[in-house]
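Q: Got a minute to go through this one with me? I'd like to start with the overall picture and then poke at the odd spots.

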Amino acid sequence: MDKIEIAKLFKDGPMQTTMRRATFDRLQIRPQVNYRGRTQDEVFFQKQDGAAVEFEVVRRMDFEPEGVFEITSVFTIRRTLNDEFVGQDIDFRELLHSFTATDFNMLCGNVFSSMSLVISQLTQASNGIPMVSPPVYCGIAAKMANAE
């Protein structure tokens, strides 16, 4: 299957977004430890119901080594297919694997901005300093190799 252009796949107009959950766990901070923050975004295909397609968008923020806090924000987005794609056998899971960061931003609209706002509010309420995460798709942070 040729890659489908995201701009042509879905109808223009409002998409339905729903915040499903946000979790915030404050963790211990050890003295004289340098923490490195990580932001990871993932988008998962959930279901297709006729012309409507639903995706789950997950943003995780944590630190290496473990400490400070862990936050997860989860939103669901629902998009409507353009008429020419309704009824076609589209493998959305596979399609997501071919997406670039720009494609994810087009697919998800302003949901990354909403996630950034939620995370800022939670961190501000916790310690008085808001942690502002990027208002765009960040992808998956590289995992550190295990030292042997």
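Q: Of the contacts in the protein chain with a separation of 6 or more, what share comes from residues 24 or more positions apart?
A: That share is 71%, with contact meaning heavy atoms within 4.5 Å. Bear in mind that this is a predicted model, where local features need pLDDT of at least 70, side-chain atom pairs count only at pLDDT 80 or more, and totals for chains, interfaces and linings use all residues. Residues are numbered from 1 along each chain as its sequence is written, and side-chain values use heavy atoms, with hydrogens and water left out.

Q: OK, and which pattern does the chain follow along the sequence?
A: It reads α-β-β-β-β-α-α-α, so to speak 4 helices and 4 strands. Those are DSSP runs, numbered from the N terminus: helices are H or I with at least four residues, strands are E with at least two.

Q: How much of the chain is buried?
A: Buried residues are 36% of the 148. Buried is under 20% relative accessible area, exposed is over 50%, and partly exposed is in between, using a 1.4 Å probe and protein chains only.

Q: Switching to the backbone, where is the cis peptide bond?
A: Between Glu-64 and Pro-65, with omega at about -10 degrees. Pro-65 sits in the loop between β3 (52–64) and β4 (69–80).

Q: And which residue in that loop between β3 and β4 has a positive phi without being a glycine?
A: Val-68, at about 70 degrees. Val-68 lies in that β3 to β4 loop and is buried, at 19% relative accessible area.

Q: What about Gln-32, buried or exposed?
A: Exposed, because its relative accessibility is 86%. Gln-32 has a positive phi as well, near 55 degrees, and belongs to the loop between β1 (16–26) and β2 (36–49).

Q: Why flag these backbone values at all?
A: Because most residues other than glycine have a negative phi, and most peptide bonds are trans.

Q: Now Arg-79: which side chain of opposite charge is nearest?
A: Asp-12, 5.8 Å away; Arg-79 is buried yet has no salt bridge. A salt bridge here is a side-chain nitrogen of Lys or Arg within 4 Å of a carboxyl oxygen of Asp or Glu. Lys and Arg count as positive and Asp and Glu as negative, with His and the chain ends not counted.

Q: What does the Arg-79 side chain reach, then?
A: The backbone oxygen of Met-106, at 3.2 Å. Arg-79 itself is in strand β4, and beyond its neighbours within four places in sequence its contacts include Phe-10, Met-15, Val-53 and Leu-107.

Methods: Polar contact = N/O pair within 3.5 Å; in protein donor to acceptor, adjacent residues only side chain to side chain.
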